[in-house]
Amino acid sequence: MTEIMGSGAALFDYDRDGDLDVYLVQSAGEQGNRLFRNELVPSGKLRFTDVTTQSAAGLKAYGMGVAAGDYDNDGFPDLYVTNFGHNVLLHNNGNGTFTDVTAQAGVDDDRWSTSAAFVDYDRDGRLDLFVLNYLDFTLQGNKRCFAPTGEPDYCTPSMYKPVTARLFHNEGGGRFKDVTVAAGIAAARGPGLGIACADFNADGWPDCYVANDGMANLLWLNQGNGAFREAALERGAAYAEDGAARAGMGVTAGDFDNDGDDDILVTNLRREGATLYRNDGKGNFFDASLQFGLGPLTFPFTGFGVEWFDYDHDTWLDLFIANGAVTRLESQRGQPHPFRERNLLLRNEGEGKRFRDLSAEAGPALAPEEVSRSVAFGDIDNDGDLDVLVTNNNGPVRLLLNEATHGRPWLELELEGVKCNRMALGARVALHRTGQRPLWRRVHTDSSYLCANDPRVHFGLPDAAGLERVVVRWPDGSREAWPVARPNTLLRLRQGTGRAE
């Protein structure tokens, strides 16, 4: 089963020169993982240099995913790489190199780990680590499964037992403590594939939502005392509208309806369709997939990586979904890799309207049918819009540059925490405009599938009129405001330098 699931990627500025670099996780082969340095700064040209060897980041393992976060608050983002087998924490030394500190940090897991998230769940200013595990699959316990036609095919997750996730508390000094049992995370098992952490019930504490493959999804509500309570069923986010579990793979959280709270979308198996869980503002959800037309649009595909992002700068969050089958497609019988599907760009029409499939209009970049998996999002060319990095199972990586904003204004924010974690992961940001509802975004690197995203906050705008201020609710609960003088700017906001609200 491990052959069909990976692999992940990270968009992160490892050398802190102002542009996003690329880390690619490999599932097999002699080359190992690759780190590519972006030469945009200072050259002005979007070119990449393979710095894997000199950076010592080229792990050779059966890789799955990667999470990015500055766990020691030294200003340089670190990487946690998940594998089928032992996981690895790579400390960024700040001089272009990385060091494997897994053993001394105490964050290994030798099971089949998938997505992971850095999150300061206890708000002590240090990033903790939430690691998903999939199944109790082993090579020795491999089971033979077959397609309906009798040909060998990949098994479904129901052939193996689900396992628990792991939660590691950051103790400081480069050490973590396994608090999975003490924090209540061991109370529920599931074949976890996607994770997104956000304050879903607006109580000021980060919660974590887990997409499970073939079992009920999990909503871990933060109790504010170091513990979590699983509440997906009572909150309406465990199953689809028909009461059935879906084959959850990727997950994204964002305010798609511009009402001030984070809604959830989960990608699922072919003939299931993606599930949109709309938030009522208090952390209660209902399945709005059919209401917004997402069921029929996604029904023919097996979705993996996904993210809410305003690709056309109209203030409404759209969707990019990476697709690729996990069991052979009859229409591709006889081909070497009969799992190819096209990816989707779905436009949010706004104001309660349905989504529209713009994939055919998005240019040749979306035309190839491949076995796509991870999708990482970020402004990789620093031109003010969000670009897309797609990994393919047994295929090449694709970097899709966004040319669809038509010159519309934008605003990007890079936050630096002082009393909270330095990357300000978990902060919520509101952009206020005269006579209009605030636009809310959050600082995160998690979500999608097996990947790490650009931590900068992005706002697309239809015009430059009425800009007033941005308000940041930091992870420690404090609030500050800064005036916005003009659009098309990257604002670097340091905690403690704004006006208290």
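In which strand is Pro 483 found? Pro 483 sits in strand β36, which covers residues 479-483. Before we look around that spot, please keep in mind that this is a predicted model. The protein has five helices and 38 strands. Its radius of gyration is 21 Å, close to the 23 Å that the globule rule gives for 501 residues, so the protein is as compact as a globular protein of that length.

**The protein as a whole**

- Measured out along the principal axes, the box filled by the C-alpha atoms is roughly 65 × 50 × 50 Å.
- Of the 501 residues in the protein, 60% are buried.
- Among contacts with a separation of 6 or more, 56% are between residues 24 or more positions apart.
- The accessible surface comes to about 18700 Å², and carbon and sulfur atoms hold 50% of that surface.
- The protein carries 49 positive and 72 negative charges, and the mean positions of the two sets are 2 Å apart.

**Pro 483 and its sheet**

- Pro 483 is exposed, and its relative accessible area is 68%.
- Leaving aside residues up to four places away in sequence, Pro 483 touches Glu 468 and Arg 469.
- Glu 468 is 15 residues from Pro 483 in sequence, and their C-alpha atoms are 6.0 Å apart in space.
- Strand β36 belongs to an open sheet of five strands, in the order β32-β31-β35-β36-β38, with antiparallel pairing.
- The edges of this sheet are β32 (439-442) and β38 (499-500); each has a single partner strand, so one side of each is left without a neighbour in the sheet.
- Strand β31 (residues 428-433) runs antiparallel to β32, and four bridges join the two.
- Within that pair, Ala 430 of the one strand is opposite Trp 440 in β32.

**Strand β20 and its two partners**

- Strand β20 (residues 263-266) is covered on both faces.
- On one side of β20 are Asp 263 and Leu 265, on the other are Ile 264 and Val 266, and all of these are buried.
- In a regular strand, side chains alternate between the two faces of the sheet.
- Strand β19 (residues 251-254) is joined to β20 by four bridges and runs antiparallel to it; Thr 252 has Leu 265 of β20 as its bridge partner.
- Three bridges join β20 to β21 (residues 275-279), again in an antiparallel arrangement, and Ile 264 stands opposite Tyr 277 in β21.

**The loop after β20**

- Is Arg 271, in the loop between β20 and β21, buried or exposed?
- Arg 271 is exposed, with a relative accessible area of 55%.
- Thr 302 is 31 residues from Arg 271 along the chain, and the C-alpha atoms of the two are separated by 8.0 Å.

**Strand β13 and its hairpin**

- Strand β13 (residues 166-172) is mostly covered, with five of its seven residues buried.
- Three bridges hold the antiparallel pair of β13 and strand β10 (residues 128-133), where Leu 129 stands opposite Phe 168.
- Strand β14 (residues 175-178) pairs with β13 over four bridges, also in the antiparallel sense, and there the bridge partner of Phe 168 is Asp 178.
- The hairpin of β13 and β14 has two residues between the strands, and Gly 173 takes a positive phi near 65 degrees in this hairpin.

Methods: Residues numbered from 1 in each chain as written. Predicted model: local features only at pLDDT ≥ 70, side-chain atom pairs only at ≥ 80, totals over all residues. Heavy atoms only, no water. Rg over C-alpha atoms; globule rule 2.2 N^0.38 Å. Buried < 20%, exposed > 50% of the residue type's maximum accessible area, 1.4 Å probe, protein only. Contact = heavy atoms within 4.5 Å. Areas by Shrake-Rupley, 256 points an atom, 1.4 Å probe, with all protein chains shown as cover. Lys, Arg positive; Asp, Glu negative; His and termini not counted. Charge placed at Lys NZ, Arg CZ, Asp CG, Glu CD. Pairing = 2+ DSSP bridges.
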